[in-house]
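Reader: I like to know what stands behind each label before I trust it. Could you take me through this one, value by value?

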Amino acid sequence: MTLRYLPDAGRLYGAEYARDPQAIYETLRRRHGAVAPVEIAPGIEAHLVIGYQAAVDVLTNAGGVWSKNPSAWQVRLPDTPEAAGMIGMLGHRPNALFSDGADHARYRKAISDCFQLIQPHKLRQLVTEVTDSLISRFAAEGEADLVADFARLIPARIFNLLFGRPDADSAGLTEALADLMEADGERGARGSEAFGRYIGELIQGKYAERGDDLTSWFIDHPAALQPEELVQTIVLVVAASYEPTANLISNTISRMVSDDRYYSSLTNGALSTYDALMEALRAEPAMSNYGPYFVRQPVHFHGTWIQPAELVLVSYAAANTEPTDVPDELRSDSGAYLGFGAGAHRCPASDPAVLIAMTAIERLTSHLCDLELTVPRDELVWRPGPFHRALAHLPVRFTPIRPDQPGDSPWAVQPPSSSTPSEPISPARSAGYATSAPWSS
Ligand code: HEM
């Protein structure tokens, strides 16, 4: 694939981009308007949608020309390690994210129905158990890296339990996902392999014996997912929950501890954790450019010709921060703007994602109420990568607390230890899967 504007293309890789992506979006906006040529890795080109209205047009399939199917793009990729490293994130799979129309509706319904079986108060309890157990590992130290010690450990540990695997399996899953998300050739391929192994064992185990868990609900959902579809749906849910949720948590904390409006809220409630989450979703969305789309026919779109088989990426980060005349209330989505996407593929798990992030952050700040960054926020290091806005580290210090201190403490909550969450997570509390999913009666 060759785009015409390569000399001007913005680079969504390397240290400069990781340090200040907004500066690059700004330059692109000045030069190209709503749609700009970029490289997401050396030799891999894309159109980046950076205008707010243009992003909404893609996401809501204006004109009916937009598709999520990357097959035509994929077959024309060069034979390079960089291209191979992109397949994990952008290669076609039979799942909701990469399909359209009736196929998409069927996959999506399975996901939405199964997520609806998770009761919010059970999920909150599970997040509390997981986060308190993580906090108890560093609370007596007086310092921590809230990326490595906290945010990146939470989603995989929670979803590993929701999927019905023993808590001990979460470390391997976390490592596999970290490798996969780096999307840099060999490491990406290694992560993809380890992740595939985890999913294979998960599904085999649940085919053999159902439980009161997401995997079992997917298996028996009336959408009758075929084995490969089931694998890919679970792969999507694990992958889609891991990176965005980890980044949402760390990006939000980094704002709260470096901005007086939030900092004071830790003690006197000026602005809430929810406000901080919405601001992070708007100004620094976790999956900053991970909105892959394709056109079905040549299209002249907001000033740029786009051909089938060319990759288009919606930049939630650039669209959300574009100065625009669109009134705030029209694009708010509770303050998140396009942080959870829009249209048919809008995140189906935005409520549980906010619940997980909010509970985790509130546990942290209630146990460690004087958190502060050890470096100014503008010196924090961000992980390179075209798709995410992700801190490499979030070093903080705080007054240490001890296991024997009186009152509420992270040691007071039992860590999750069984092969399933401490209580069933669906409305039927004890009878197991057969009576907890409505489609099984
Ligand atoms: C509980 C954790 C999460 C789960 C299980 C989850 C799951 C998913 C799934 C399955 C999709 C594809 C839906 C479809 O194509 O119809 C999706 C889309 C999306 N999610 Fe999430 N997600 C989670 C958290 C998040 C978070 C924290 C963010 C943002 C910070 C986010 C942002 C998005 C966006 C922007 C899309 C749309 C992608 C597109 O238009 O191609 N998600 N999510």
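Author: Gladly, and let us start with one pair: the side chain of H47 makes a polar contact with the side chain of E310, at 2.7 Å. Please keep in mind that this is a predicted model.

Reader: What makes the pair of H47 and E310 a polar contact?

Author: The cut-off for two N or O atoms is 3.5 Å, and within protein one must be able to donate a hydrogen and the other to accept it. The side chains of H47 and E310 are listed as such a contact, with a distance of 2.7 Å.

Reader: Where is H47 placed, and why is H47 called buried?

Author: H47 is in strand β3, which covers residues 44–49. Its relative accessibility is 1%, and buried means under 20%, so H47 counts as buried.

Reader: And in which sheet does β3 take part?

Author: β3 belongs to an open sheet of 6 strands, ordered β1-β2-β3-β9-β6-β4, with mixed pairing. Its edge strands are β1 (10–11) and β4 (66–67), as each pairs on one side only.

Reader: How do you know that β1 and β2 pair?

Author: Pairing takes at least two bridges, and 2 bridges join β1 to β2 (residues 35–41), so the condition is met. These two strands run parallel, and G10 has V38 of β2 as its bridge partner.

Reader: Which other open sheet is there, and what makes β5 an edge strand?

Author: An open sheet of 3 strands has the order β5-β11-β10 and antiparallel pairing. β5 (143–145) pairs on one side only, as does β10 (372–373), and that is what gives both the edge label. Between β5 and β11 (residues 395–397) there are 3 bridges, against a requirement of at least two. A144 stands opposite V396 in β11.

Reader: Now to the ligand. Which residues come nearest, and what is the make-up of the shell?

Author: There are 29 residues around the ligand, and K68, H104, Y293, H345 and C347 come nearest. By class, the shell has 21 nonpolar, 6 polar and 2 charged residues. Helices α6 (101–116) and α12 (227–256) each supply at least two of the shell residues, and the largest share, 7 residues, comes from α12.

Reader: How do the N and O distances to the ligand stand against the cut-off for a polar contact?

Author: The limit is 3.5 Å. A side-chain N or O atom of H345 lies 2.6 Å from an oxygen atom of the ligand, and for the side chain of Y293 the distance to a ligand oxygen is 2.8 Å. A backbone N or O atom of A240 is 3.4 Å from a nitrogen atom of the ligand. Each of these three values is within 3.5 Å.

Reader: How do you know that the length of α6 agrees with what a helix should span?

Author: At 1.5 Å a residue, its 16 residues should span 22 Å, and the end C-alpha atoms are 22 Å apart, so the two agree.

Reader: Which residues of α6 are buried, and why is D113 counted among them?

Author: The buried residues are H104, Y107, A110, I111, D113, C114 and F115. D113 has 17% relative accessibility, which is under 20%, so D113 counts as buried. Beyond its neighbours within four places in sequence, D113 is in contact with H221 and W439.

Reader: What do the buried residues of α6 pack against?

Author: They pack against α8 (154–162), α11 (214–220), α12 and α17 (350–367).

Key
Residues are numbered from 1 along each chain as its sequence is written. This is a predicted model: local features need pLDDT of at least 70, side-chain atom pairs count only at pLDDT 80 or more; totals for chains, interfaces and linings use all residues. Side-chain values use heavy atoms; hydrogens and water are left out. Helices (H or I, at least four residues) and strands (E, at least two) are DSSP runs, numbered from the N terminus. Buried means under 20% relative accessible area, exposed over 50%, partly exposed in between (1.4 Å probe, protein chains only). A residue is near a molecule or strand if one of its heavy atoms lies within 4 Å of it. Ala, Val, Leu, Ile, Met, Phe, Trp, Tyr, Cys and Pro count as nonpolar, Asp, Glu, Lys and Arg as charged, and the others, Gly among them, as polar. The expected span of a helix is 1.5 Å times one less than its number of residues. Contact means heavy atoms within 4.5 Å.
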